[in-house]
Amino acid sequence: MTVGLMERAGHLPGLSADAVDWRTLTFRRGAETLDVAVPVLSEAQIAELATRVRTNARTYLRSRTVAQIAAAIDRAVARLLDRDDPWRRKAERLLPLVTGYDGEMVRLGLTGYLKTFRGPELRKFIAEDFANPAVLDDFQPVPKGGFARAFGPELLLHVWAGNVPGLPLWSLISGLLVKAGTVGKLPSAEPLFAGWFAQILAEIDPQLADCIAIVWWKGGDAATERAWLGRADTVVAYGGNDALEAIRARVPITTRFLPYGHKISFGMVARSALDAGKAGAVARQAAYDVARYDQQGCYSPQTFFVERGGRVSPREFAGYLAHELDALGSKFPRRPLSMGEAGGVASWRNAEETKGFADPSRALLGDPAGSWAVAYTDAADGLSPCGLNRTVTVVAVDRLADAVPGLAPYRAFLQTVGIAAAPEELFMLAGALGAVGVTRLCALGRMTAPEAGWHHDGRFNLLDLVTMTEIEGSAERAADTFAPYTD
């Protein structure tokens, strides 16, 4: 028997739901079906909504301090962290159905991710970009003389990807912290979470929620996309490089465009982490990075470079990693794959098996059901994409530093490195990796959980969004000559 559920997505302040056309996206998992109604707006409704969000941001957001805005965000996030709250229960119930991810993985992932946006973390977030956060509220003295104030865009458009549950929250909150009116385009793959967050804010601070619109349009709808792009002051977009290039071509030349495209991440394991007492735990952490959200995030590893010379060899480490992936598969089953994804995994596995016929030093470890696979090679293969969805390559190297020169051709695509190494080697590798384009190094087991204030792709989350207005010292000194007390 099929169980049918219904949910309405988005957040449209000032627009009556009855006046909006709705399209249904259907998600199925086992015997359950979820119909999600997403809004389809006319050009007149787009113009009305954009004007309303822009006006509300100008009149309300800029009258609030950044501390007041952060406090409202903190209260909303606290609701989502409370497993007894109706919104949290809804998220735990529906997100596994929409995304296909294991329910326990979604629950744990949401909790870890949401903690990044609690009040203390938001203060770190702001302090990372602004030495004096009060610069977001009023003119503040600057070291060179004079005063400066940071102004966010009046209308900030986010084009989100839906590969990881809750991912839009990062840029949505960034926009609010710089007091930008926010319009977010829902991804069809996960069209719920951003709208829920806006609705929770509406319960906490209705005027703040009126500075946010969560909308939808079908990918490839150039007319709707142009209507929104033409009204935004700044555009933040996530997605594949081809999709981002198409958006870039439509963004007006006067509009700031901040794209976040396809990236590749990998892991490194030094011989200092490969004794019998440590290697198992390191493999467990590495496996978690692979399994969490099935490598759908840019920060998920596709390759591990493992150093020879430890008590556990790179080939043995590949076996440890395979064992841990198998254990995680029992605890957090992989989500059902689309035909395209299944084809990609099969193609990668076939290619690895073919390489193994010609080179006995290579090996492919995997379960009979095909839910995970670890390829091992002694060859200096460098960095190559895997089949994703819990497939990964272990490459043996004499020294981790030997792998770095081969990374240079991928400079534009490198992002996160999960590393297990002693302090001296960590800092030596960090310099070499940064020089070829890596923007983040973290512990294994933390690759998919960036810290608050992480510089996404080496950029600033908040500073990239603002424009600085300066009062130069000359203006201040000249003003003094016109003061009444100078007579």
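This report describes one small sheet and a group of aromatic side chains in a predicted model.

Three strands make up an open sheet in the order 4-5-18, and their pairing is antiparallel. Strand 4 (140-141) and strand 18 (467-471) are at the edges with a single partner strand each, so one side of each has no neighbour in the sheet. Strand 4 pairs with strand 5 (residues 147-151) in the antiparallel sense over two bridges, and Q140 stands opposite A148 in strand 5.

The aromatic side chains offer a second view of the structure, which holds nine aromatic pairs. Two of these pairs are set out below.

| Pair | Arrangement | Centre to centre | Angle between planes |
|---|---|---|---|
| Y113 and F117 | edge-to-face | 5.2 Å | 90° |
| Y299 and W454 | tilted | 6.4 Å | 50° |

The pair of Y299 and W454 links distant parts of the chain, 155 residues apart, with Y299 in the loop between helix 11 (279-291) and strand 12 (301-307) and W454 in the loop between strand 17 (440-443) and strand 18. Both Y299 and W454 are buried. Y113 counts as buried because its relative accessibility is 16%, under the cut-off of 20%, and F117 is buried with a relative accessible area of 0%. Together with F125 and W170, the residues Y113, F117, Y299 and W454 form one aromatic cluster.

Charged side chains also meet aromatic rings in this model: the charged end of R440 sits over the ring of W454, 5.6 Å from its centre, while the charged end of R459 sits over the ring of Y260, 4.3 Å from its centre.

Technical notes: Residues numbered from 1 in each chain as written. Predicted model: local features only at pLDDT ≥ 70, side-chain atom pairs only at ≥ 80, totals over all residues. Heavy atoms only, no water. Pairing = 2+ DSSP bridges. Helix = DSSP H or I, 4+ residues; strand = E, 2+ residues; numbered from the N terminus. Phe/Tyr/Trp six-rings, centres within 6.5 Å; stacked < 30°, edge-to-face > 60°. Buried < 20%, exposed > 50% of the residue type's maximum accessible area, 1.4 Å probe, protein only. Lys NZ or Arg CZ within 6 Å of the ring centre and 35° of its normal.
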